[in-house]
Amino acid sequence: MAQAHSHSHSHDHGHHDQESLKQFGFWLFMITDVILFATLFATFIVLRDNTASGPVGADLIEMNGIIISTFILLTSSFTSGLALLSMNKGDKRGLILWLAVSALLGLSFIYLEVNEFIHLVHEGAKISTSAYWSAFYTLVGTHGLHVSIGIVWMTAIIIQLAKRGITPVTKRKVNIISLYWHFLDAVWIFVFSLVYLMEVM
């Protein structure tokens, strides 16, 4: 009996260590992401005047679409917060619903971003047009790629929640995706301010 209890205790302890290690891994990933985006922002700021006599952002950027995209992404951050509230109440259905809404809003954001890129390329602003556009596509595209990863990640968590319900493991995953999603929103606010607003102004 004592041996079984000891085995169960060591198993729980090992599981807890694994969870802590995964949390640490996520924070390490976030730190590298912060460094990545800081580098991309710095590169864009340095290269913003290197347009090679070609088109500049102020000429081609359609702010109405960017404002709609920003509103959609900020709303998805709010709905991911509602998902956390549902999880803390033990409401599995509400949790899945708000995560699904967040993922759909993320998809809408990506759809608008792809349309924006197509419009810019059509207007003659390709990634190879100038150093400015190379830096623009790299920064905005990297953020878009991260949002796409977040959507896939969120979808996988929704599937796990539907199968297993709210467990310590799924709770950790929901907390992590929520933090990741808020981080992407914060990055987008910088993108919106530095890349779009400053260009137009």
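This note goes through the predicted model point by point, from the record's annotation to the helices, the core and the aromatic rings.

1. Basis of the note. The model is predicted, so that local features need pLDDT of at least 70 and side-chain atom pairs count only at pLDDT 80 or more, while totals for chains, interfaces and linings use all residues. Residues are numbered from 1 along each chain as its sequence is written, and side-chain values use heavy atoms, with hydrogens and water left out.

2. Annotation from the record. The unreviewed UniProt entry places "domain: Heme-copper oxidase subunit III family profile" at residues 23-200, and under "transmembrane region" it lists residues 24-46, 66-87, 94-112, 132-159 and 179-198. These positions are given in the numbering used here, with feature names shortened, and the annotations may be inferred rather than shown by experiment. In the model, residues 23-200 are 86% helix and 0% strand, with the end C-alpha atoms 40 Å apart; helices (H or I, at least four residues) and strands (E, at least two) are DSSP runs, numbered from the N terminus. Residues 24-46 are 100% helix, their end C-alpha atoms being 33 Å apart, and residues 66-87 are likewise 100% helix, with a distance of 32 Å between the end C-alpha atoms.

3. Helix α4 and its ends. This helix has 31 residues and reaches 45 Å from first to last C-alpha, close to the 45 Å expected at 1.5 Å a residue, where the expected span is 1.5 Å times one less than the number of residues. At its N-terminal end Asp 91 acts as a cap, with a side-chain oxygen 3.4 Å from the backbone nitrogen of Arg 93. After α4 comes Gly 124, whose phi is positive, near 100°.

4. Helix α5 and the loop before it. Ser 130 is found in the loop between α4 and α5 and is buried at 6% relative accessibility (buried means under 20% relative accessible area, exposed over 50%, partly exposed in between, with a 1.4 Å probe and protein chains only). Leaving aside residues up to four places away in sequence, Ser 130 touches Asn 50, Thr 51 and Ala 52, contact meaning heavy atoms within 4.5 Å. Helix α5 has 34 residues and reaches 49 Å, close to the expected 50 Å, and is followed by Gly 165, whose phi is positive, near 80°.

5. The nonpolar core. A nonpolar core is a set of buried Ala, Val, Leu, Ile, Met, Phe, Trp, Tyr and Cys residues joined through side-chain atoms within 4.5 Å. The largest has 50 residues, of which Leu 99, Phe 136, Trp 188, Val 191 and Tyr 196 touch the most other members. The elements giving two or more residues to this core are α1 (2-47), α3 (63-88), α4 (92-122), α5 (131-164) and α6 (168-200). Beyond four places in sequence, Val 191 touches Phe 41, Leu 139, Val 140 and Tyr 196.

6. Aromatic pairs. The structure holds 17 such pairs, counted where the ring centres of Phe, Tyr and Trp (its six-membered ring) lie within 6.5 Å, with planes under 30 degrees apart called stacked, over 60 edge-to-face and the rest tilted. Phe 117 and Tyr 137 form an edge-to-face pair, because their ring centres are 5.0 Å apart and their planes stand at 80°. This pair links distant parts of the chain, Phe 117 being in helix α4 and Tyr 137 in helix α5, 20 residues apart. The rings of Trp 188 and Tyr 196, with centres 5.8 Å apart and planes at 45°, make a tilted pair; Trp 188 is buried at 2% relative accessible area, and Tyr 196 is buried at 0%.

Key:
Polar contact = N/O pair within 3.5 Å; in protein donor to acceptor, adjacent residues only side chain to side chain.
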